[in-house]
Amino acid sequence: ECPSGIVNEETFKEIYSQFFPQGDSTTYAHFLFNAFDTDHNGCVSFEDFVMGLSILLRGTVQEKLNWAFNLYDINKDGYITKEEMLDIMKAIYDMMGKCTYPVLREDAPRQHVETFFQKMDKNKDGVVTIDEFIESCQKDENIMRSMQLFENVI
């Protein structure tokens, strides 16, 4: 798809949409592209992509959680706000499409965000810091289990 070794956001979205034909992956692909585009130059090189995959597949728990935090911190200010988390959640629900089972209620993304913030925002200041994020994730068995899913794949 990218013989030059560099992909722009539009091409990235087109490629990503092939994996989720039942939904609209455009917004989530945008957030994912920004997470892979570490130097924020508007394109993801083969090296950028491999570095991201390397972290996700082979990185330490700390590296994986840092990568995930960066994905959720949309404006890259060092905090995850409820609005950022809601934007990500809505994008995930859009991407999964209307054919999820059981059918999800309209307010499901907001409920997920509320649960996320109750668990993660330790000092209740309305934002989640990297330290709060990492500490909460490391205490959550489901999150820790999901971080090991791909370790033996490649």
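Lys13 is buried, at a relative accessible area of 16%, which falls under the 20% limit for that class. This charged residue is found in helix α1, and the structure it belongs to is a predicted model. Setting aside neighbours within four places in sequence, Lys13 is in contact with Thr26, Ala29 and His30.

Glu9 lies in helix α1 too. With a relative accessibility of 18%, Glu9 also counts as buried, again because the class takes in anything under 20%. Not counting residues up to four places away in sequence, Glu9 touches His30, Phe33 and Gly42. His30 thus turns up among the contacts of Glu9 and among those of Lys13.

These two residues belong to the packing of α1 on α2. Two packed helices are described by the angle between their axes and the distance between the axes. For α1 (residues 9–17) and α2 (residues 26–36), the axes come within 9 Å and cross at roughly 125 degrees. That angle makes α1 oblique to α2, since it lies outside the 65 to 115 degrees that would count as roughly perpendicular and is not over 145 degrees, where roughly antiparallel begins. As for handedness, α1 passes α2 in a right-handed crossing. On the α1 side, the contact is made by Glu9, Phe12, Lys13 and Tyr16. Facing them from α2 are Thr26, Tyr28, Ala29, His30, Leu32, Phe33 and Phe36. Sorted by class, the residues of this contact come out as seven nonpolar, two polar and two charged. Glu9 and Lys13 are charged by class, and both take part in the contact from the α1 side.

A second helix pair, α4 (residues 61–72) with α7 (residues 130–139), has axes that come within 10 Å and cross at roughly 125 degrees. Here too the angle makes the pair oblique, α4 to α7. The crossing of α4 and α7 is right-handed. From α4, the contact draws on Val61, Gln62, Leu65, Asn66, Ala68, Phe69 and Tyr72. The partners in α7 are Ile130, Phe133, Ile134, Cys137 and Gln138. By class, this contact holds nine nonpolar and three polar residues, with no charged ones. The contact of α1 with α2, in turn, includes two charged residues.

Further along the chain, His112 is found in helix α6 (residues 108–120). Its relative accessibility is 40%, so His112 counts as partly exposed, a class that sits between the 20% and 50% limits. Leaving out neighbours within four places in sequence, His112 is in contact with Met89 and Tyr93. With Tyr93 there is also a polar contact, side chain to side chain, at 2.6 Å. Ala35 is 77 residues away from His112 along the chain, and the C-alpha atoms of the two are separated by 22 Å.

Two loop residues are worth a look for their backbone angles. His40 lies in the loop between α2 and β2 (43–45), and its phi is near 55 degrees, a positive value in a residue other than glycine. Lys124 sits in the loop between α6 and β4 (127–129). Its phi is likewise positive, near 55 degrees, and again the residue is not glycine. Lys124 is exposed, with a relative accessible area of 56%, whereas Lys13 in α1 is buried at 16%.

Technical notes: Residues are numbered from 1 along each chain as its sequence is written. This is a predicted model: local features need pLDDT of at least 70, side-chain atom pairs count only at pLDDT 80 or more; totals for chains, interfaces and linings use all residues. Side-chain values use heavy atoms; hydrogens and water are left out. Axes are lines fitted to C-alpha atoms, for helices over the stretch in contact, and angles run from 0 to 180 degrees between N-to-C directions. Helices (H or I, at least four residues) and strands (E, at least two) are DSSP runs, numbered from the N terminus. Angles under 35 degrees count as roughly parallel, over 145 as roughly antiparallel, 65 to 115 as roughly perpendicular and the rest as oblique. A crossing is left-handed if the near helix is turned anticlockwise from the far one by less than a right angle, and right-handed if clockwise. Contact means heavy atoms within 4.5 Å. Buried means under 20% relative accessible area, exposed over 50%, partly exposed in between (1.4 Å probe, protein chains only). A polar contact is a pair of N or O atoms within 3.5 Å; within protein, one must be able to donate a hydrogen and the other to accept it, and residues adjacent in sequence count only if both atoms are side-chain atoms.
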